[in-house]
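Reader: I have a structure open with a ligand in it. Can you walk me through reading its binding site?

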Amino acid sequence: MFKKILVPIDLSQSDSGEASLVKAVEMAGCTGASLILLNVVADIPNLVANRLPTDYSDEMQKSAAKMLDELSSKHKLSDGSYEIRTAHGQTYHEILDAAESTGADLIVIASHRPDITDYLLGSTAAKVVRHAKCSVLVVRG
Ligand code: ADP
């Protein structure tokens, strides 16, 4: 069964991806798996980045880590049963990278109902499903 579950969380969403976190917590309870909560701080175009403090990305990642920590308390995750990670870059790429580098054997990710932009660009969840080397559970929002 699953041993390490990666839960990518979009902190800009008002529900902070809680539906997928709830599912992941349930699965971890059944399988004894540990959880990895991940937030990816988006890349900023160079033109904008040049006008920001050089430590901007580090500060954003610190603040994301704090928010993930608050979520872990809200969902009563016990010490040692989870870890928090942040990354910086392109979301789906960083999710796939984290899955490989942590040895996660399941990614639990949320997805909205597809609309026209998804057919043109492809959603984050679809890209993760297509390219992940481990299993992926898509929680439909
Ligand atoms: P899409 O609809 O393009 O798949 P969404 O923004 O609806 O993208 O996000 C789908 C899921 O992808 C989120 O629920 C979350 O699991 C993951 N995700 C999106 N953005 C981030 C982010 N910045 N950091 C971590 N995970 C993210």
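Reader: How do the residues of the shell around the ligand divide into nonpolar, polar and charged?

Author: First, the ground rules. This is a predicted model: local features need pLDDT of at least 70, side-chain atom pairs count only at pLDDT 80 or more, and totals for chains, interfaces and linings use all residues. Residues are numbered from 1 along each chain as its sequence is written, and side-chain values use heavy atoms, with hydrogens and water left out. A residue is near the ligand if one of its heavy atoms lies within 4 Å of it. Here 13 residues surround the ligand. Seven are nonpolar, five polar and one charged. Ala, Val, Leu, Ile, Met, Phe, Trp, Tyr, Cys and Pro count as nonpolar, Asp, Glu, Lys and Arg as charged, and the others, Gly among them, as polar.

Reader: Which residues are the closest?

Author: Pro8, Val40, His112, Thr124 and Ala125.

Reader: What lies 2.8 Å from a nitrogen atom of the ligand?

Author: Think polar contact: a pair of N or O atoms within 3.5 Å. A backbone N or O atom of valine 40 sits at that 2.8 Å distance. For isoleucine 9, a backbone N or O atom is 3.3 Å from a ligand nitrogen. Asparagine 39 uses its side chain: an N or O atom there is 3.4 Å from a nitrogen of the ligand.

Reader: Which element gives the largest share of the shell?

Author: Helices (H or I, at least four residues) and strands (E, at least two) are DSSP runs, numbered from the N terminus. Strand 2 gives the largest share, three residues.

Methods
A polar contact is a pair of N or O atoms within 3.5 Å; within protein, one must be able to donate a hydrogen and the other to accept it, and residues adjacent in sequence count only if both atoms are side-chain atoms.
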